[in-house]
Protein chains: 2
Amino acid sequence: MIVVTAQNFIDLNKLNEFKELSEELIRKTLNENGCIEYEVFRDKDNKELFCFVEKWKSKKDLEKHFESEHFKKIVPKIGKIKIKKDIVNVYEKFN
Amino acid sequence: MIVVTAQNFIDLNKLNEFKELSEELIRKTLNENGCIEYEVFRDKDNKELFCFVEKWKSKKDLEKHFESEHFKKIVPKIGKIKIKKDIVNVYEKFN
């Protein structure tokens, strides 16, 4: 299993847009092969920070996700409402 | 629901010790009230980075976890085998 955390820092003036985009991304991604979990959370202290927490069956499934139509359509739109570069970590099961 | 990511940077010479300590912490924490998920993952690119991904029913359950005997016993031991300060984020469900 692969776990991804993708921390996105969003312009709070564009919160409604982020809500719509992230909801569409989540809905479509959950239908992908190999997607176990795909959710977005908001940092309790830093309200601009939103973290996607994703679980994938395999690296191959994650790579296919990056090539999906919805990823290539929605992620650049989210890019336009970010206030700084995102922080992405890809993890593997440890114990 | 509360989601916590706790990124720990571990001395690779102490990997066996971290494995034992994290296994004990996970086993005991999963028995706590309000603990939905509690797992540890290893960064694919930075092998010193281990991330605990935790889901809790409520903030109160998370606060009780910090006061648990196993947390107060094990976490300081993990502290001694870290190579730098951990990064902890507490998240709430967004959509």
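This is a short guided tour of a predicted model with chains A and B, one selection at a time.

**Stop 1: the two chains together**

Start with chain A and chain B both in view. Two copies of a chain are related by a rotation about an axis and a shift along it. Here, a turn of 180° with a shift of 0.0 Å along the axis lays chain B on chain A, at an RMSD of 0.0 Å. That is the relation of a two-fold axis. Both copies use the same surface, since 100% of the contact residues of chain B recur in chain A.

**Stop 2: where the chains meet**

Now select the contact between them. Chain A gives 20 residues to this contact, and chain B gives 20 residues as well. On the chain B side, the elements that supply two or more residues are β1 (2-10), α1 (15-29), β2 (35-43), β3 (49-56) and β4 (82-93). Which of them gives the largest share? Colour β4(B), which contributes five residues. If you colour this side of chain B by residue character, you will find nine nonpolar, four polar and seven charged residues.

**Stop 3: a strand pair across the chains**

Keep β4(B) selected and add strand β2 of chain A, residues 35-43. These two strands run antiparallel and are joined by three bridges. For a place to zoom in, pick Phe41(A): opposite this residue, in β4(B), is Lys93(B).

**Stop 4: inside chain B**

Next, hide chain A and select β3(B). Is this strand mostly covered or mostly open? Mostly covered: six of the eight residues of β3(B) are buried.

β3(B) has two partners to visit. With β1(B), the pairing is antiparallel and spans eight bridges; look for Asn8(B), which faces Phe50(B) in β3(B). With β2(B), the strands are again antiparallel, joined by seven bridges. There, Glu37(B) has Lys55(B) of β3(B) as its bridge partner. Follow the chain from β2(B) to β3(B) and you trace a hairpin, with five residues between the strands.

While you are looking at strands, it helps to know that in a regular strand the side chains alternate between the two faces of the sheet.

**Stop 5: a histidine in chain A**

Finally, bring chain A back and select His70(A), in helix α3, residues 69-79. His70(A) has 16 other C-beta atoms within 10 Å, so it counts as partly exposed. Leaving aside residues up to four places away in sequence, His70(A) touches Leu25(A), Lys28(A) and Thr29(A). To end, draw a distance from the C-alpha atom of His70(A) to that of Asn46(A): these residues are 24 apart along the chain, and their C-alpha atoms are separated by 28 Å.

Methods. Residues numbered from 1 in each chain as written. Chains lettered and ligands numbered in written order. Predicted model: local features only at pLDDT ≥ 70, side-chain atom pairs only at ≥ 80, totals over all residues. Contact = placed C-beta atoms within 7 Å. Helix = DSSP H or I, 4+ residues; strand = E, 2+ residues; numbered from the N terminus. Nonpolar A, V, L, I, M, F, W, Y, C, P; charged D, E, K, R; others polar. Pairing = 2+ DSSP bridges. Least-squares fit on C-alpha atoms with pLDDT ≥ 70 in both. Buried ≥ 20, exposed ≤ 12 C-beta atoms within 10 Å, placed from the backbone.
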